[in-house]
Amino acid sequence: MQLFHGTRQRFDKFDVAYKGTGEAGNIAASWFTDNFKGASNHALFKNRNPGLPLVYRCELKAGAIIADHRLPLGEQPDIAARLRDGLPVSISSQLSEGRDWHALCEPQYRTYRGSMLYVGNRHVDSDEMIRLYLNCGIQGVYDWEGMFTDSYLHGTTTVIFDTSVVDIIDSIEYGSDGWHSWLSEYREKNGVLERKQEIQQAQAHRG
């Protein structure tokens, strides 16, 4: 699986210790998109660090365990088995069979006059979700943001919690021949889609 990461920082490996320093995301993960254009947009317009933009082209190592938030658990049986074996029973017993399975929740109870009463479900927050995923041996998530993915990324986001599974293949500097080549390749493949998006955006502004 090929991934792209836009930044202005130079480094040899990814490290979740620097979460939130490139933009505003504050989860213990490194963020990637699945196309060069989205990563270059992040490097050019969103990254807050000094220096020239660049994009790291990366690959996941063979055997990396990545959950897919787009798919029902029935279509990713290894992930389903890991969750059912590794999550606390109070959470695994609440797993949905539909596409919203990753909205992890846990039932809450309180004592009233010597009895335990169910008072509803508590939704697991992002930090706890990551800890739970790692406990299950899940190293990252494809389509982490779902429908809330920023449009400038031109595709889905993948977040990696265990960055040892990411290999940096090369870095593509802003203004280099490689940068222009990757951008041209993206535009050639996606030109029709981009033109449709531009028309829709123009119509939205006029409306």
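At the start of helix α4 in this predicted model, a side-chain oxygen of D125 comes to within 3.3 Å of the backbone nitrogen of D127. The helix that follows has E128, M129, I130, L132 and Y133 among its residues, and these five are buried. The buried residues of α4 pack against α2 (77-86), α3 (89-92), β6 and β7. Just after the helix, G137 takes a positive phi of about 80°.

Staying with that stretch of chain, let us look at Q139, which is found in the loop between α4 (126-135) and β7 (140-142). Is Q139 buried or exposed? With a relative accessible area of 14%, Q139 is buried. A polar atom of the Q139 side chain lies 2.8 Å from the backbone nitrogen of I65. Setting aside neighbours within four places in sequence, Q139 is in contact with G63, A64, I65 and I66, and also with I160, F161, D162 and V165.

Now for the hairpin that comes before α4. Strands β5 (residues 105-112) and β6 (residues 115-123) run antiparallel and are joined by 8 bridges. One of the pairings sets T111 opposite M116 in β6. The hairpin has 2 residues between its strands, and R113 takes a positive phi near 50°.

Two residues of β6 are worth a visit here. M116 lies in this strand and counts as exposed, at 58% relative accessibility. Together with Y109 and Y118, M116 forms a nonpolar surface patch with about 380 Å² of accessible area. V119 is also in strand β6; at 48% relative accessibility, V119 counts as partly exposed. Which residues does V119 touch, leaving aside its neighbours within four places in sequence? They are Q108, Y109 and R110. Q108 is 11 residues from V119 in sequence, with 5.7 Å between their C-alpha atoms.

Salt bridges come next, and a search of the whole structure finds 9 of them. Three are set out here, with their closest N to O distances.

| Salt bridge | N to O distance | Relative accessible area |
|---|---|---|
| K61 and D167 | 3.9 Å | K61 38%, D167 33% |
| R82 and D78 | 3.1 Å | R82 28%, D78 42% |
| R122 and E128 | 3.0 Å | R122 27%, E128 19% |

The salt bridge between K61 and D167 is one of those found. Because K61 lies in the loop between β3 and β4 (66-68) while D167 is in strand β9, this pair ties together parts that are 106 residues apart in sequence. The bridge between R82 and D78 sits within helix α2, where the two residues are 4 apart and therefore separated by about one helical turn. R122 and E128 belong to a wider arrangement, since E106, R122 and E128 are linked in a network of salt bridges. Within that network, R122 counts as partly exposed, whereas E128 counts as buried.

Strand β3 (residues 54-60) deserves a closer look too: 6 of its 7 residues are buried, so the strand is mostly covered. β3 pairs with strand β1 (residues 2-7) in the antiparallel sense over 6 bridges, and H5 stands opposite Y56 in β3. Strand β9 (residues 166-173) also pairs with β3 in the antiparallel sense, over 7 bridges. There, L54 stands opposite E173 in β9.

How many of the 11 residues of helix α1 (residues 36-46) are buried? The number is 8, which means that α1 is largely enclosed by the rest of the structure. The buried residues are F36, K37, G38, A39, S40, N41, H42 and A43. At the start of α1, a side-chain oxygen of N35 reaches to within 3.2 Å of the backbone nitrogen of K37.

Finally, the chain as a whole. Its secondary structure comes to 5 helices and 9 strands, in the order β-β-α-β-β-α-α-β-β-α-β-β-β-α along the sequence. Of the 207 residues, 41% count as buried. Among contacts between residues at least 6 apart in sequence, 67% join residues at least 24 apart. The accessible surface comes to about 11800 Å², and carbon and sulfur atoms account for 50% of that area.

How values were computed. Residues are numbered from 1 along each chain as its sequence is written. This is a predicted model: local features need pLDDT of at least 70, side-chain atom pairs count only at pLDDT 80 or more; totals for chains, interfaces and linings use all residues. Side-chain values use heavy atoms; hydrogens and water are left out. Buried means under 20% relative accessible area, exposed over 50%, partly exposed in between (1.4 Å probe, protein chains only). Contact means heavy atoms within 4.5 Å. Accessible areas come from the Shrake-Rupley method with a 1.4 Å probe; for residues, only the protein chains shown count as cover. Two strands pair if DSSP finds at least two bridges between them. Patches are made of residues with over 30% relative accessible area and no salt bridge: like charges are joined within 9 Å, nonpolar side chains (Val, Leu, Ile, Met, Phe, Trp, Tyr) within 5 Å. A salt bridge is a side-chain nitrogen of Lys or Arg within 4 Å of a carboxyl oxygen of Asp or Glu. A polar contact is a pair of N or O atoms within 3.5 Å; within protein, one must be able to donate a hydrogen and the other to accept it, and residues adjacent in sequence count only if both atoms are side-chain atoms.
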